[in-house]
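Here are a few exercises to work through with the model open beside you. Try each task before reading its solution.

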Amino acid sequence: MDYKEIYNQWLENPYFDEATKEELKAIKDDENEIKERFYMDLEFGTAGLRGVIGAGTNRMNVYTVRKATQGLANYINNVHAQEKGVAIAYDSRHMSPEFADVAALCLAANGIKAYVFESLRPTPELSYAVRRLGCTAGINITASHNPPEYNGYKVYWEDGAQIT
């Protein structure tokens, strides 16, 4: 399926919210922008996802966060580690609390307990929480040193280290 077909699916599918559809309708005459947002899926790189916030498969948004979390949940359930739960931390970047909530809800829908920090936390606190709570994994919503229009999603395993 090419990027234009995926773009049109996002516009037509009731799964995507109206704000997302409005953002996409606003670029309907900008072929390069449509291509940039939909020519590929945002890829899981060095221990996580990182990208510009916005609508599209090549952007950070609630849908890419949910997709990544579903993949993590599938793995956790396949190795029968769902009882241990997942710790979730987030930073001050735009959409970080929302992405943390989406991840927690996706885990819960898969029978995995989520421990979400109630306020901003630095990465070392997440690593500590994963070990202290005996979690199977941790998720940190952050884009570290990237520009402000970015956000990211990093995964840590039960030893508190990033999945490398």
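A salt bridge here is a side-chain nitrogen of Lys or Arg within 4 Å of a carboxyl oxygen of Asp or Glu. By that criterion, this predicted model holds 11 salt bridges.

**Exercise 1.** Find the salt bridge of lysine 4 and work out which parts of the chain the pair ties together.

*Solution.* Start with the partner: the side chain of lysine 4 meets that of glutamate 31, at 3.0 Å from N to O. Next, place both residues. Lysine 4 belongs to helix H1 (residues 3–12) and glutamate 31 to helix H3 (residues 31–38), so the pair ties together parts that are 27 residues apart in sequence. Finally, check the surroundings: lysine 4 is partly exposed, at 27% relative accessible area, and glutamate 31 is partly exposed too, at 36%.

**Exercise 2.** Trace the salt bridges of glutamate 33 with arginine 37 and with arginine 59, then name the network they belong to.

*Solution.* Begin inside the helix. Glutamate 33 and arginine 37 both lie in H3, 4 residues apart, which is about one turn of the helix. Their closest N and O atoms are 2.7 Å apart. Buried means under 20% relative accessible area, so arginine 37, at 10%, is buried, whereas glutamate 33, at 23%, is partly exposed.

Now take the second partner. The closest N and O atoms of arginine 59 and glutamate 33 are 3.6 Å apart. This pair links distant parts of the chain, since arginine 59 sits in the loop between E1 and H4 while glutamate 33 is in helix H3, 26 residues away. Arginine 59 also counts as buried, at 7% relative accessibility. Putting the shared partners together gives one network of Glu23, Glu33, Glu36, Arg37 and Arg59.

**Exercise 3.** Lay out the sheet strand by strand, then add the helices H4 and H5.

*Solution.* First, write the order: the open sheet of 5 strands reads E1-E5-E4-E2-E3, with mixed pairing. Its edges are E1 (48–52) and E3 (114–116), each pairing on one side only. On average, neighbouring strands are turned by 15 degrees against each other, direction ignored.

Then look at one pair. E4 (residues 137–141) and E5 (residues 150–157) run antiparallel and are joined by 4 bridges; isoleucine 139 stands opposite valine 155 in E5.

Last, add the helices. H4 (residues 62–78) packs on the sheet, touching E1, E2 (86–90), E4 and E5, and its direction makes about 5 degrees with that of E5. H5 (residues 96–109) also packs on the sheet, touching E2, E3, E4 and E5, and its direction makes about 170 degrees with that of E2.

Technical notes:
Residues are numbered from 1 along each chain as its sequence is written. This is a predicted model: local features need pLDDT of at least 70, side-chain atom pairs count only at pLDDT 80 or more; totals for chains, interfaces and linings use all residues. Side-chain values use heavy atoms; hydrogens and water are left out. Two strands pair if DSSP finds at least two bridges between them. Helices (H or I, at least four residues) and strands (E, at least two) are DSSP runs, numbered from the N terminus. Axes are lines fitted to C-alpha atoms, for helices over the stretch in contact, and angles run from 0 to 180 degrees between N-to-C directions. Contact means heavy atoms within 4.5 Å. Buried means under 20% relative accessible area, exposed over 50%, partly exposed in between (1.4 Å probe, protein chains only).
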